[in-house]
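Visitor: I am new to this structure and should like to learn how to read it. May we go through it feature by feature?

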Amino acid sequence: MIEIKSLTKTYRTAKGSITALKDIDITIEDGEIFGIIGLSGAGKSTLVRCINYLERPTSGQVIIDGKELGKLTNRELLKTRQNIGMVFQGFNLLAQRNVIKNICYPLEIAGVVAIF
């Protein structure tokens, strides 16, 4: 289960603060598949990056399978991310690899599958 509680992300700029996410609350049960849609600049990518802690929220909690990501060490966070699947808007495929090799690449890095 993924629980997002009061998630807020504010960026500080020379011209002041910009709040990209404000008090987001979402619960995603095991087995559910969610898509995040919205207009350009609505905060979709910021939300996804905060859910997997590639970007730390300003406040709030992200709890995945009972683990609060904000309380994990860097090593624990890296290990937890290996069990999180997300497809990003700019998914950065490697041009020298075909589709299956792009899909398998993270599994190769994790030592789950052999390189073919």
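Guide: Certainly. Please note at the outset that this is a predicted model. One begins with the secondary structure, which here comes to three helices and four strands.

Visitor: In what order do the elements of the protein run from the N terminus on?

Guide: They run β-β-α-β-β-α-α. As for overall dimensions, the C-alpha trace spans about 50 × 30 × 25 Å along its principal axes.

Visitor: How should I read the strands as a sheet, and what is their order?

Guide: One looks for the pairing of each strand with its neighbours. In this model the four strands form an open sheet in the order β2-β1-β3-β4, with antiparallel pairing. β2 and β4 are the edge strands, each pairing on one side only.

Visitor: How many bridges join β1 to β2?

Guide: Nine bridges join these antiparallel strands. β1 and β2 form a hairpin with two residues between them. Within this pairing, T13 has G16 of β2 as its bridge partner, and T10 stands opposite T19 in β2.

Visitor: And how many bridges join β1 to β3?

Guide: Five bridges join β1 to β3, and these strands also run antiparallel. One example is I2, whose bridge partner in β3 is I64.

Visitor: What completes the sheet on the side of β4?

Guide: β3 pairs with β4, residues 67–68, in the antiparallel sense over two bridges. I63 has E68 of β4 as its bridge partner. β3 and β4 form a hairpin with two residues between them.

Visitor: Which residues lie in the loop between β3 and β4?

Guide: D65 lies in that loop, and so does G66. With a relative accessibility of 57%, D65 counts as exposed, because the cut-off for that term is over 50%. G66 counts as exposed too, at 68% relative accessibility. To place this loop in relation to a residue further along the chain, consider G66 and I100: they are 34 residues apart in sequence, and their C-alpha atoms are 32 Å apart in space.

Visitor: How should I read a positive phi?

Guide: Most residues other than glycine have a negative phi. A positive value therefore deserves a note when it occurs elsewhere. In this model D65 has a positive phi of about 50 degrees although it is not a glycine. D23 likewise has a positive phi, near 50 degrees, and is not a glycine. Y53, just after α1, takes a positive phi of about 60 degrees.

Visitor: Where is the place of D23, and how accessible is D23?

Guide: D23 is in strand β2. Its relative accessible area is 46%, so D23 is partly exposed.

Visitor: Let us turn to the helices. Is α1 largely enclosed or largely open?

Guide: α1 is largely enclosed by the rest of the structure, because six of its eight residues are buried. The buried residues are K44, T46, L47, V48, C50 and I51. They pack against β1, β2 and β3.

Visitor: What is the general idea behind a nonpolar core?

Guide: In soluble globular proteins, nonpolar side chains tend to be buried together. In this model the largest nonpolar core has 14 residues, of which L7, V62 and L69 touch the most other members. The elements giving two or more residues to this core are β1 (2–13), β2 (16–28), α1 (44–51) and β3 (59–64).

Visitor: Which residues does V62 touch, not counting those up to four places away in sequence?

Guide: With those sequence neighbours set aside, V62 touches E3, L7, C50, I51, Y53, K67, E68 and L69.

Visitor: How may I read the protein as a whole?

Guide: One may consider burial, surface, contacts and charge in turn. Buried residues make up 26% of the 116 residues. The exposed area is about 8500 Å², of which carbon and sulfur atoms supply 56%. Among contacts between residues at least 6 apart in sequence, 45% join residues at least 24 apart. Finally, the protein has 15 positive and 11 negative charges, and the mean positions of the two groups are 11 Å apart.

How values were computed:
Residues numbered from 1 in each chain as written. Predicted model: local features only at pLDDT ≥ 70, side-chain atom pairs only at ≥ 80, totals over all residues. Heavy atoms only, no water. Core = buried A, V, L, I, M, F, W, Y, C linked by side-chain atoms within 4.5 Å. Buried < 20%, exposed > 50% of the residue type's maximum accessible area, 1.4 Å probe, protein only. Contact = heavy atoms within 4.5 Å. Areas by Shrake-Rupley, 256 points an atom, 1.4 Å probe, with all protein chains shown as cover. Lys, Arg positive; Asp, Glu negative; His and termini not counted. Charge placed at Lys NZ, Arg CZ, Asp CG, Glu CD. Pairing = 2+ DSSP bridges.
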